[in-house]
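Morning, everyone. Please have the sequence and the model open while I talk.

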Amino acid sequence: MLLKRQLAQVKEAHSAAILSVCGVGDKTVITQGRDNKLKVWELVATEFSGSLDLVRSIDVDSINFCKFTYCVYKGTVWIAALDEAGSGSAFLCSLKNEQKVSFSIGRRTRMKTSADGREDSPMCLKIEAVADRRFHLLVAYESTVLQRFAISVDESLDTCTAECTGSVTTAHDEPIMGLDYDLKQQQVYTCAADNKVCCCSVDEKGIVESAAPVLLKNAGGSDIRHFALGTKSLLVVAGWDYCMHIFEEKPLRSICSIPFHRAGLTSVDMSSLGSASEDQISSETVRQRWNSRPRWLVAASRDSRISLWDVAGIMPS
């Protein structure tokens, strides 16, 4: 059945192409554009109408298509993104505070044509909160290196320190394009402009490659996400070959590829509906119905279409 929805609003949010859009909670939307702006919006929505009102605009570096990342700790939303182009730095800020705190993530890579090397461009970021004002930031570089930084923000939120606590050269042959982190299993997954999907383990000692890479049928992955489906831990890769590729995490192996779009996929994501806890729902029947809701997988493509999938319906039996 084809469902149609009335268009609530058209918003010219950026003056150049939009790289990333995400919803945080019920009322906040964050966008990043190629105009080197990151914008925070307040979403006001009803059943038949909606509007987006600009709350703040933040200068970012979008030249290398590196998307911002965010995490939530005790109700506070923290954003990390690249700072000014060529500065070799990133910044961290909370939505409750106007102040940006910058820190270096720059590294130089050796090139065959240059004895001094050149700046290694960050391609992907992923941040996780580990305690109050303490974070781990994963950075994937053009050279296929993956690094982890431990970041600590002072109580005044004016300054921070960042220390590289792990580094590994992945098995990729081309720049890393997608990065995701399974916090529970302490696993990092990457896809790239080549045909490899790589897995690394993270612990207090650093980062190590923990499994042999698996291969896509064709080169090119734009985005990667891990998710749980029942007792299984799965990965989905947005392929340049117009397909979504689904993998099982342990062992890392291909399950299926879903063709639908007519151009390369640009991003993929999962619905964030979690399981209800005991203190939220007292009725066992209601809890079972709540926890059996569909998990939705969404993919975006260069064919100007977005597809929405019930994951249970596309998994092979």
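What is the volume of the largest cavity? About 30 Å³. Keep in mind that this is a predicted model. A search of the whole structure finds one cavity of 30 Å³ or more.

Who lines the largest cavity? Trp 78, Leu 92, Cys 93, Ser 94, Asn 97, Gln 99, Val 101, Val 153 and Leu 157. Strand S7 contributes most to that lining, with three residues. By class, the lining splits into six nonpolar, three polar and no charged residues.

Now take Leu 92, one of those lining residues. Leu 92 is also among the residues with the most contacts inside the largest nonpolar core. That core has 22 residues. Alongside Leu 92, the others with the most contacts there are Phe 103, Ile 105, Phe 135, Leu 137 and Ile 151. Which elements give two or more residues to this core? Six strands: S6 (76-82), S7 (89-94), S8 (101-104), S11 (122-131), S12 (134-141) and S13 (145-153).

Look at what Leu 92 touches, leaving aside neighbours within four places in sequence. Its contacts include Trp 78, Ile 79 and Ala 80. They also include Gln 99, Lys 100, Val 101 and Phe 103. Add Ile 127, Phe 135, Ile 151 and Val 153, and the list is complete. There is a second, separate core, of 17 residues. Phe 227, Val 236, Val 311 and Met 315 belong to it. As background, nonpolar side chains in soluble globular proteins tend to be buried together.

Next, a polar residue in strand S6: Thr 76. Is Thr 76 buried or exposed? With a relative accessible area of 14%, Thr 76 falls under the 20% cut-off, so it counts as buried. Its side chain makes a polar contact with the side chain of Lys 96, at 3.4 Å. Not counting residues up to four places away in sequence, Thr 76 touches Cys 71, Ser 94 and Lys 96. Ser 94 came up before, in the cavity lining.

Last stop, the second largest pocket. How much space lies in it? About 180 Å³. It is lined by 14 residues. Closest to its centre are Asp 61, Asn 64, Gly 86, Glu 119 and Pro 122. Its lining has three nonpolar, six polar and five charged residues. Set that beside the largest cavity, where the lining has no charged residues.

That's my tour. Over to you.

Definitions and conventions: Residues numbered from 1 in each chain as written. Predicted model: local features only at pLDDT ≥ 70, side-chain atom pairs only at ≥ 80, totals over all residues. Heavy atoms only, no water. Core = buried A, V, L, I, M, F, W, Y, C linked by side-chain atoms within 4.5 Å. Buried < 20%, exposed > 50% of the residue type's maximum accessible area, 1.4 Å probe, protein only. Helix = DSSP H or I, 4+ residues; strand = E, 2+ residues; numbered from the N terminus. Contact = heavy atoms within 4.5 Å. 1 Å grid on protein atoms, 1.4 Å probe; cavity = no way out; pocket = protein on both sides within 12 Å on 5 of 7 lines; lining within 4 Å. Points joined across faces, edges and corners; volume = space filled by probe spheres on them. Nonpolar A, V, L, I, M, F, W, Y, C, P; charged D, E, K, R; others polar. Polar contact = N/O pair within 3.5 Å; in protein donor to acceptor, adjacent residues only side chain to side chain.
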